[in-house]
Amino acid sequence: MNSNKMKLSSAQQKELLSNLKTRFEKNMNRHKGLEWAAVQEKLEANAGKLCSLHEMERTGGEPDVIGYDKKTGEYHFCDCSAETPKDRRNVCFDREALDARKTHKPENSAMDMAAAMGITILSEEQYRELQQLGNFDTKTSSWIQTPADIRKLDGALFADRRYNHVFVYHNGASSYYAVRGFRGLLKV
């Protein structure tokens, strides 16, 4: 799915905006000082971004606003599901890792899925900031952006929350597990 080529019906848009508004109002601690009307206005002016949010929602991400950049005027949406989104698990890190697997290949890679959805995988800093808003990934883990020098050596980073602390680990980029997926970020 490429969110740039997908179009939502007016009924899908209405349902998505309703879900996002409900989640926004239920979790005001994630976006203190922001108002839904301004967020909705931005969303309605960006159909491609709505498609990306629809994919985040469809795959179990429960996207919500977690910040606003005053310099760019962009709202930041992030997957806020308690665990890594259920329909984005069991994937290796990127296309290179997927192509390198000779047997037992997963269906996709986190980086390819994120690109197709029009979102980015969280950086370590963004992941840690998200964890300040709640307890996420207490039973699962999420791939995060990986520095080039680590990736060059066939490694990749992932993170989770255990024992009330956020941990960042490493693994082979071609590994995949039923409890590891990825969280995305979308700027609107």
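Let me start with N27, which is found in the loop between α1 and α2, and I should say at once that what we are looking at is a predicted model. At 16% relative accessibility N27 counts as buried, because the cut-off for that class is under 20%. As for what its side chain does there, a polar atom of the side chain of N27 lies 2.9 Å from the backbone oxygen of R23.

That loop leads us to the two helices on either side of it. In general, two packed helices are described by the angle between their axes and the distance between the axes. For helix α1, residues 10-26, and helix α2, residues 36-44, the angle is about 150° and the axes are 11 Å apart. Angles over 145 degrees count as roughly antiparallel, and therefore α1 is described as roughly antiparallel to α2. The crossing in which α1 passes α2 is right-handed. Which residues meet across this pair? From α1 there are L17, L20, K21 and F24, and from α2 there are W36, V39, Q40, L43 and E44. By character, the residues of this contact of α1 with α2 divide into six nonpolar, one polar and two charged.

Now, α1 also packs with helix α3, residues 47-58, and there the angle is about 70°, with the axes 11 Å apart. Since the range from 65 to 115 degrees counts as roughly perpendicular, α1 and α3 are therefore placed in that class. The crossing of α1 and α3 is left-handed. On the α1 side the contact is made by Q12, Q13, L16, L17, N19, L20 and R23, and on the α3 side by L50, L53, H54 and E57. The residues of the contact of α1 with α3 divide into five nonpolar, four polar and two charged. If you compare the lists, L17 and L20 take part in the contact with α2, and L17 and L20 also appear in the contact with α3.

Let me move on to strand β4, residues 141-144, where S142 is found. Is S142 buried or exposed? At 1% relative accessibility, S142 counts as buried. Its side chain makes a polar contact with the side chain of T84, at 3.0 Å. If we leave aside the neighbours within four places in sequence, S142 is in contact with T84, Y127, D137, F158, A159, R180, G181, F182 and R183.

Next comes Q145, in the loop between β4 and α7, which counts as partly exposed at 38% relative accessibility. The side chain of Q145 reaches the backbone oxygen of I121 at 2.6 Å, and I121 is one of the residues in contact with Q145 once neighbours within four places in sequence are set aside, the others being L122, S123, Q126 and L157. The C-alpha atoms of Q145 and F182 are separated by 9.9 Å, although these residues are 37 apart along the chain.

Finally, I would like to turn to backbone geometry, with the reminder that most residues other than glycine have a negative phi. In the loop between β5, residues 155-162, and β6, residues 165-172, we find Y163, whose phi is positive, near 55°. N164 lies in the loop between β5 and β6 as well, and N164 has a positive phi of about 60° although it is not a glycine. As for accessibility, Y163 is exposed, with a relative accessible area of 74%, and N164 is exposed with a relative accessible area of 57%.

Conventions:
Residues numbered from 1 in each chain as written. Predicted model: local features only at pLDDT ≥ 70, side-chain atom pairs only at ≥ 80, totals over all residues. Heavy atoms only, no water. Axes fitted to C-alpha atoms, helices over the stretch in contact; angles between N-to-C directions. Helix = DSSP H or I, 4+ residues; strand = E, 2+ residues; numbered from the N terminus. Parallel < 35°, antiparallel > 145°, perpendicular 65-115°, else oblique. Left-handed = near helix turned anticlockwise from the far one by under 90°. Contact = heavy atoms within 4.5 Å. Nonpolar A, V, L, I, M, F, W, Y, C, P; charged D, E, K, R; others polar. Buried < 20%, exposed > 50% of the residue type's maximum accessible area, 1.4 Å probe, protein only. Polar contact = N/O pair within 3.5 Å; in protein donor to acceptor, adjacent residues only side chain to side chain.
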